[in-house]
Amino acid sequence: MTARPLVIAVDGPAAAGKGTLAKALAAKLGLPYLDTGLLYRAVARRMVNAGLDPAGDASVEAQALQQQDLARSDLRVPEIDRGASLVAAQPAVRAALLDRQRVFASETGAVVDGRDIGTVVFPDADVKFFITASPRTRALRRHRQVAGETPLEGSALDAAVSEIVARDARDSSRETAPLVQAADAVLIETDGLSAAEVLDKAGEIVALHHTRR
Ligand code: C5P
């Protein structure tokens, strides 16, 4: 019997290190990587570019989403961080994007990162991780990704922490597919851990799964 392709779910709040881990894990295992946050970001971008408020009905833009929308270079900006979490709270938007995510992983398997991968998109994923870190660590990491080594301190750091806490609150409190740790997900807290250390921990857990298959 051929084993079905391996699906690994990597969920958690913003800037916790999900993307870094998921990308490295995919490379290590020779699997494709899917960043599902990009789908919501691209829907928000289509809304903003059409002059629409991302808090309004985004279902038409979600259905119209094209592959090239995901390749834009202006998806990781503060306006779209916020817009993505507003469109992501809409059940019709999530429904429009669900199949796309499932189809991506069904033939080859994949490492998929997001908020609801282990709970909704792939509840039967082979291995599930929930990656988190304190809001301060996450705000500093996000800043480093965007602004390099320019320092973030004082009121600017406070504002960045507040923004990340507000986005988590929107993602965790929505009715459809809220951000929540799946009961069978392995929790990794990444404060004080390097990307390599997180990858080592996750790699050990995946290896354990392989020995049980
Ligand atoms: O992961 P990233 O920060 O790029 O995600 C942007 C936003 O998209 C999140 O704040 C969340 O609102 C939404 N999202 C989601 N479900 C996913 C992935 C992202 O609701 N699976």
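## The largest pocket

In this predicted model, the lining of the largest pocket is made up, by class, of eleven nonpolar, ten polar and 15 charged residues. The pocket holds about 670 Å³ of space, and 36 residues line it, with A15, K18, G19, D113 and R142 lying nearest its centre. Two or more lining residues come from each of helix 1 (18-29), strand 2 (33-35), helix 2 (37-49), helix 4 (78-88), strand 3 (110-114), helix 7 (135-147), helix 8 and helix 9 (195-212). Of the contributions to this lining, that of helix 1 is the greatest, at five residues.

A15, one of the residues nearest the centre of the largest pocket, belongs to the loop between strand 1 (7-11) and helix 1. Most residues other than glycine have a negative phi. The phi of A15, however, is positive at about 60°, although the residue is not a glycine. A15 counts as buried because its relative accessibility is 8%, below the 20% cut-off.

## The second largest pocket

The second largest pocket encloses about 370 Å³ of space, and of the 15 residues that line it, P78, D81, R142, H143 and V146 are the closest to its centre. Helix 4, helix 7 and helix 8 each supply at least two residues of this lining, and the largest share, five residues, comes from helix 7. Sorted by class, the lining residues of the second largest pocket are seven nonpolar, two polar and six charged.

R142 is listed among the residues nearest the centre of the largest pocket, and R142 is also listed among those closest to the centre of the second largest pocket.

## Helix 4 and its packing

Helix 4, which contributes to the lining of the second largest pocket, is mostly covered, with eight of its eleven residues buried. The buried residues are I80, D81, G83, A84, S85, L86, V87 and A88, and they pack against helix 2, helix 5 (91-106), helix 7 and helix 8. D81 therefore appears both among the buried residues of helix 4 and among the residues closest to the centre of the second largest pocket, where the lining is defined by an atom within 4 Å of a grid point.

## Surroundings of the ligand

The ligand is surrounded by 16 residues, the closest of which are R41, R94, D116, R167 and D171. Several side chains place polar atoms at short listed distances from the ligand: a polar side-chain atom of T36 lies 2.9 Å from a ligand nitrogen atom, and a polar side-chain atom of R115 lies 2.9 Å from a ligand oxygen atom. In the side chain of R174, an N or O atom is 2.9 Å from an oxygen atom of the ligand.

R94, one of the closest residues to the ligand, is found in helix 5 and counts as buried because its relative accessibility is 7%. The side chain of R94 makes a polar contact of 2.9 Å with the side chain of D116, which is itself among the residues closest to the ligand. Leaving aside neighbours within four places in sequence, R94 is in contact with Y40, A88, D116, R174, T176 and A177; among these, A88 is a buried residue of helix 4, and R174 has the side-chain atom already described at 2.9 Å from a ligand oxygen atom.

A177, another of the contacts of R94, is found in the loop between helix 8 and strand 5 (186-189). The phi of A177 is near 45°, a positive value in a residue other than glycine, and A177 is buried because its relative accessibility is 11%.

## D168 in helix 8

D168 has its place in helix 8 (residues 154-173) and is classed as buried because its relative accessible area is 12%. A polar contact of 2.6 Å joins the side chain of D168 to that of R138. Not counting residues up to four places away in sequence, D168 touches P13, A14 and R138.

## The enclosed cavity

A search of the whole structure finds one cavity of 30 Å³ or more, and the largest cavity has a volume of about 30 Å³. The residues lining the largest cavity are D11, G118, T119, F129, F130, V180, Q181, A182 and A185, and helix 6 (117-121) and strand 4 (127-132) each supply at least two of them. By class, this lining divides into five nonpolar, three polar and one charged.

Conventions. Residues are numbered from 1 along each chain as its sequence is written. This is a predicted model: local features need pLDDT of at least 70, side-chain atom pairs count only at pLDDT 80 or more; totals for chains, interfaces and linings use all residues. Side-chain values use heavy atoms; hydrogens and water are left out. Helices (H or I, at least four residues) and strands (E, at least two) are DSSP runs, numbered from the N terminus. Buried means under 20% relative accessible area, exposed over 50%, partly exposed in between (1.4 Å probe, protein chains only). A polar contact is a pair of N or O atoms within 3.5 Å; within protein, one must be able to donate a hydrogen and the other to accept it, and residues adjacent in sequence count only if both atoms are side-chain atoms. Contact means heavy atoms within 4.5 Å. On a 1 Å grid over the protein atoms alone, a cavity is a set of points where a 1.4 Å probe fits but cannot get out, and a pocket is an open set with protein on both sides within 12 Å along at least five of seven lines; lining residues have an atom within 4 Å of a point. Grid points are joined across faces, edges and corners, and a volume is the space filled by probe spheres set on the points. Ala, Val, Leu, Ile, Met, Phe, Trp, Tyr, Cys and Pro count as nonpolar, Asp, Glu, Lys and Arg as charged, and the others, Gly among them, as polar. A residue is near a molecule or strand if one of its heavy atoms lies within 4 Å of it.
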